[in-house]
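Here is a short round of questions and answers for the bench. Have the sequence and the structure open as you read.

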Amino acid sequence: MLESNAFDVAIGDVDKDGVVEIVTAGYQNTTSPEIGLKGQLCIWNITESNFVLEQSMEWASGVPTEWHGVSIVDVDNDDKIEIIAAGYTNDTRLNQYDAMLTIFSWNGSVLEWEKVIFGTPSAELTLTR
């Protein structure tokens, strides 16, 4: 089993099914020196006695990545809840850290990333999809 750590948690009805989900953001350690840590977002439900992992997504960008913050909100007022994860990548080849803001959607069965914004403290943020 691979090591995983969660740094932040958000609680809310992400898919609007009347059941509250728990969303965690952190990383999964690949144990690969080339890749290192992968950002990990997990969606959990609670049954009477257990946590049930509904979905997990890892960000495998080829460089170490961690997510440290997560929030649940309707960002664009489209009546759909988005999951926002904030973190960074560490491009060891360039000796550079880049901030990363990612927007996800969850419909109860599929977790998808919708937008990713990268940037360094001295650069403008760029949007990729």
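Q: Which residues of the largest nonpolar core touch the most other members?
A: The model is a predicted one. Its largest nonpolar core holds 18 residues. The members that touch the most others are V23, L41, W67, V70, I83, F104 and L111.

Q: Which strand gives the most residues to this core?
A: Several strands contribute: β2, β3, β4 (51-59), β5 (65-73), β6 (82-91), β7 (96-106) and β8 (111-119) each supply at least two residues. The top contribution is 3 residues. That strand is β7.

Q: What is F104 in contact with, leaving aside its neighbours within four places in sequence?
A: F104 is among the core residues that touch the most other members. Its contacts include L41, W67, I83 and L111, along with M57 and A85. The rest of the list is E82, E112, W113 and E114.

Q: How many of the residues of strand β2 are buried?
A: Strand β2 covers residues 21-29. The cut-off for buried is under 20% relative accessible area. The strand is largely enclosed by the rest of the structure, because the buried count is 9 of the 9 residues.

Q: How many bridges join strand β1 to β2?
A: Strand β1 spans residues 4-12. The two strands run antiparallel. G12 stands opposite E21 in β2. The number of bridges joining β1 to β2 is 8.

Q: Which residue of β3 does N29 stand opposite?
A: β2 also pairs with strand β3 (residues 37-46). The pairing is antiparallel, over 8 bridges. The residue of β3 opposite N29 is L37.

Q: Is T24 buried or exposed?
A: T24 lies in strand β2. Its relative accessibility is 14%. The limit for buried is under 20%, so T24 counts as buried.

Q: Which side chain does a polar contact join to that of T24?
A: Not counting residues up to four places away in sequence, T24 touches A6, D8, V9, Q40, L41, C42 and W44. One of these is the polar partner, with a contact of 3.3 Å between the side chains. That partner is W44.

Q: How are the rings of F7 and Y27 arranged: stacked, edge-to-face or tilted?
A: The count of aromatic pairs comes to 3. In one of them, the ring centres of F7 and Y27 are 5.7 Å apart, with the planes at 40°. F7 sits in strand β1 and Y27 in strand β2, 20 residues apart. An angle under 30 degrees would be stacked and one over 60 edge-to-face, so this pair is tilted.

Q: Which residue of that pair is buried, F7 or Y27?
A: F7 has a relative accessible area of 39%, so F7 is partly exposed. The other ring has a relative accessible area of 10%. The buried residue is Y27.

Q: What is the arrangement of the rings of W44 and F51?
A: Their centres lie 6.4 Å apart. Their planes stand at 85°, and the cut-off is over 60 degrees. The pair is therefore edge-to-face.

Q: Is F51 buried or exposed?
A: Its ring partner W44 is partly exposed, at 24% relative accessible area. F51 has 57% relative accessibility. The limit for exposed is over 50%, so F51 counts as exposed.

Q: What is the phi of K16?
A: Most residues other than glycine have a negative phi. K16 is found in the loop between β1 and β2. Its phi is positive, near 55°.

Q: What is the phi of D79?
A: D79 sits in the loop between β5 and β6. D79 is exposed, with a relative accessible area of 56%. D79 is a residue other than glycine with a positive phi, near 65°.

Q: How far apart in sequence are the parts that the pair of K16 and D79 ties together?
A: The count of salt bridges comes to 1. The side chains of K16 and D79 meet in a salt bridge at 2.9 Å, N to O. K16 lies in the loop between β1 and β2 and D79 in the loop between β5 and β6, so the parts tied together are apart in sequence by 63 residues.

Methods: Residues numbered from 1 in each chain as written. Predicted model: local features only at pLDDT ≥ 70, side-chain atom pairs only at ≥ 80, totals over all residues. Heavy atoms only, no water. Buried < 20%, exposed > 50% of the residue type's maximum accessible area, 1.4 Å probe, protein only. Helix = DSSP H or I, 4+ residues; strand = E, 2+ residues; numbered from the N terminus. Pairing = 2+ DSSP bridges. Phe/Tyr/Trp six-rings, centres within 6.5 Å; stacked < 30°, edge-to-face > 60°. Polar contact = N/O pair within 3.5 Å; in protein donor to acceptor, adjacent residues only side chain to side chain. Contact = heavy atoms within 4.5 Å. Core = buried A, V, L, I, M, F, W, Y, C linked by side-chain atoms within 4.5 Å. Salt bridge = Lys/Arg side-chain N within 4 Å of Asp/Glu carboxyl O.
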